[in-house]
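Take a look at the model below. Then follow its fold from the whole chain down to single residues.

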Amino acid sequence: MSVEIDGNPSFDDKSAKNKKLKKRKRKDEEKNSESDAATSTIERLKKSASLSQAAQQEIKKKSGNEPETDVEMQDVEQNMPLHDLTPIPQPDIDEHLEEKSFSTPSVVSSLPKWLSQPILVDPTTTIEVASLNIDSKLVEKLNNQNITRGFAVQSSALPLLLNEGRDGPNYTYGGDLCVSAATGSGKTLAYVLPIVQCLSRRIVPRVRCVVIVPTRELTIQVTRTFETIGSCMGLGVCGWTGQKNLQQEQYQMLGGLDGSGSTVDILVTTPGRLVDHIQNDNTFTLQHLRYLVIDEADRLLDQSFQSWADVVMTEIDHPKCLQMMDNETSSQKQNVAPYFLSSLPTALPHHLDSPLQKLVFSATMTRDPSKVATLRLRDPRLLLVQSEGVDIDDGEEIEGDAIIFSVPPTLKEYRVSVSAEKPILLHQLIHSNNLNNVLCFVKSNEGAARLHRLLEIINGIEGKNYPCGLVSGNLSRDERKKMLNGFASGELKLLVCSDLMARGIDVANIEHVINYDPPSSLRRYVHRIGRTARAGRNGYAWTLVQDHEGHHFSKLVKHLGRTLPLQRLSLHLKDLPEENVELYDNALNTLRTEVYESRKSSK
Ligand SMILES: Nc1ncnc2c1ncn2[C@@H]1O[C@H](COP(=O)(O)OP(=O)(O)OP(=O)(O)O)[C@@H](O)[C@H]1O
């Protein structure tokens, strides 16, 4: 099967059909001799593909260091029961990711007004960066990054956050802001720019901005964005990835061992790490907080992230250090810095000194009032970057508490109907279309390790130079970082990954996303395919769907707001040249031998 990938891929049905007819005719002519062989090969395939459960445990061990799953993402990597390489059954819908089926429109009408009547922003809106109300040094910094026009989410959020709101009825200033915009649409800069602009006026460094993200990889990525953009404004940025212990992170915040006071203005962290410091670090305070950003909010508000929100919001509302002050006896108070010190101008210049603003971002924003309530928002508004006419009050069944999600306008989606032998069909799809810079999602760590090893063996037998990498929760942080760097540099052509990579990761040159396993939820689908077609670039998403996965997938993606239609293709073992079928058989045997060998040696 080959799809013309020429920037405007169009699947040439006619030529494929002709090819198939010729192939079938040739096959009939050679019917006697080969059909037995083909049948026996396919039988052999089915037999050999069923590696024993124990054997696959070995693969897991072989695939890398002791599993060190990302604490924050532990729930994502379902320790699914090991499956044979033969069709992996329909992915279990993760109960905590299972979106409640959205019921009748009456639910919409019961939503608070700000949620049911968002500020709609046309996704094609752009604005000259030079016309944004930001410092000329920031404009220069953006231009140096080839960013000359602000995307829709930036052109609508900045005026609200920089108190330069238009006088129109839709804009109010000062309240908290929730923003829902497609993947790759520039949400990070939509909060980085106003925060850096506002805090650049501060006099004394204090932790005035905390950004909460769901994974360590995103902590590193957002910290880097703040450092890149904020470096010209002299702001201190710190990211807690859990690589240092609590005390080291504490010293880092306090400007080293002499505790000379905070050197950090902006802190980026996972929720677990933030709660650790709130509960166990008496020097850490949120009393100066001006911005609290919750990025990938729907993920962070999922039950699996425990109750970080209550701990954080309580600390914000009642900072423990002030509670301590209240509780101390008057004699103890005299040991505290004399009162006049607290009146030193550590606050922001008056016209920018406003109460705490909470900024909530997601490409798949939740509208579940019970989840949103945990953020204790004040006078909130919802900015929805959505093409007009998509009725967000659509009473039809859409996933859970979701708003209509939109796919980037430059993303082309393919649904590929496949037979059971997915690994060799994946190989065929990649090489018959010469796909490079491919992110391939598998639904579990073990599945990712198995597929990665099998692809390496197939490429080895064929002598193809097509380096593949692996990123999953079973790899150490350093291994994941090395793989990501190799992929970003183009050294690795394909990255097999678990859903750890699905959220927010921004690697510029991803051209193709392949869902080897169909995703278990619409949110997961949107975030996976959103790794490509970012910042207006072209991108392609391919989902391999077996017969028994078809209904679930069709239902899942039915309500997606998309510019380009979802195209259907098919690829079956019988479509492959005979030599490929043999190749796959040999690869499976090699893998099985490898596994049994490693099992024997580990006894
Ligand atoms: N105005 C702009 N012009 C050009 N590129 C931009 C602009 N704004 C952001 N980008 C780039 O677009 C890419 C995606 O941005 P970002 O990661 O913020 O997207 P996102 O909306 O947060 O996506 P996701 O929902 O997947 O997290 C980044 O590489 C960023 O540098």
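The paragraphs below go from the chain to its cores, rings, cysteines and backbone.

This is a predicted model. The chain has 603 residues, and 54% of them count as buried. Its secondary structure comes to 23 helices and 17 strands. About 26,000 Å² of surface is exposed, with 51% of it supplied by carbon and sulfur atoms. Consider the contacts with a sequence separation of 6 or more. Of these, 83% join residues 24 or more positions apart.

Start with the nonpolar interior. The largest nonpolar core has 46 residues. Ile-134, Tyr-191, Ile-195, Val-211, Phe-226, Ile-266 and Leu-359 have the most contacts inside it. Which helix gives the most to this core? Helix α8, residues 187-199, does, with nine residues. Ile-195 shows the packing at one position. Leaving out residues up to four places away in sequence, Ile-195 touches Cys-209, Phe-226, Ile-266, Tyr-291, Val-293 and Leu-359. Another core lies apart from the largest one. This other core has 41 residues, including Ile-430, Leu-475, Leu-494 and Leu-576.

Now the aromatic rings. The chain has five aromatic pairs. In one of them, the ring centres of Tyr-414 and Trp-542 are 4.3 Å apart. Their planes meet at 15 degrees, so the pair is stacked. Planes under 30 degrees apart count as stacked. The pair links distant parts of the chain. Tyr-414 sits in strand β11 (residues 411-418), and Trp-542 in strand β16 (residues 539-545). In sequence, 128 residues separate them. Both Tyr-414 and Trp-542 are buried. Elsewhere, Tyr-191, Phe-226 and Phe-361 form one aromatic cluster. Tyr-191 and Phe-226 are also among the residues with the most contacts inside the largest core.

Charged side chains meet rings too. Arg-290 lies over the face of Tyr-291, at 4.4 Å from the ring centre. Tyr-291 is also one of the residues that Ile-195 touches. Lys-422 lies over the face of Tyr-516, at 5.4 Å from the ring centre.

How many disulfides does the chain have? The count comes to zero. A disulfide needs two cysteine sulfur atoms within 2.5 Å. For Cys-209, the closest cysteine sulfur is in Cys-198, 9.9 Å away, which is too far for a bond. Cys-468 is in no disulfide either. The nearest cysteine sulfur to it, that of Cys-440, is 9.2 Å away. Is Cys-209 buried or exposed? Cys-209 is buried, with a relative accessible area of 0%. Cys-468 also counts as buried, at 9% relative accessibility.

Two buried residues show how separate stretches of sequence come together. Met-313 is found in helix α13, residues 308-317. Its relative accessible area is 0%, so Met-313 is buried. Leu-377 is 64 residues away from Met-313 in sequence, yet their C-alpha atoms are 9.9 Å apart. Beyond residues up to four places away in sequence, Met-313 touches Leu-292, Trp-308, Lys-358, Thr-374, Leu-375 and Arg-376.

Phe-441 lies in strand β12, residues 438-441. Phe-441 is buried too, at a relative accessible area of 0%. Met-501 is 60 residues from Phe-441 in sequence, and 8.4 Å from it in space, C-alpha to C-alpha. Setting aside neighbours within four places in sequence, the contacts of Phe-441 include Cys-497, Ser-498, Asp-499, Met-501 and Ala-502. They also include Val-513, Ile-514, Asn-515, Tyr-516 and Asp-517. Arg-528 and Arg-531 are in contact with Phe-441 as well. Among these contacts, Tyr-516 is the ring with Lys-422 over its face.

Finish with the backbone. Most residues other than glycine have a negative phi. Asn-146 has a positive phi, near 60 degrees. Its place is in the loop between α6 (136-144) and β3 (149-150). At 70% relative accessibility, Asn-146 counts as exposed. Ala-535 also has a positive phi, of about 55 degrees, although it is not a glycine. Ala-535 is in the loop between α21 (522-529) and β16. Is Ala-535 exposed or partly exposed? At 37% relative accessibility, Ala-535 counts as partly exposed. The strand after this loop, β16, is the one that holds Trp-542 of the stacked pair.

Methods:
Residues numbered from 1 in each chain as written. Predicted model: local features only at pLDDT ≥ 70, side-chain atom pairs only at ≥ 80, totals over all residues. Heavy atoms only, no water. Buried < 20%, exposed > 50% of the residue type's maximum accessible area, 1.4 Å probe, protein only. Core = buried A, V, L, I, M, F, W, Y, C linked by side-chain atoms within 4.5 Å. Helix = DSSP H or I, 4+ residues; strand = E, 2+ residues; numbered from the N terminus. Contact = heavy atoms within 4.5 Å. Phe/Tyr/Trp six-rings, centres within 6.5 Å; stacked < 30°, edge-to-face > 60°. Lys NZ or Arg CZ within 6 Å of the ring centre and 35° of its normal. Areas by Shrake-Rupley, 256 points an atom, 1.4 Å probe, with all protein chains shown as cover.
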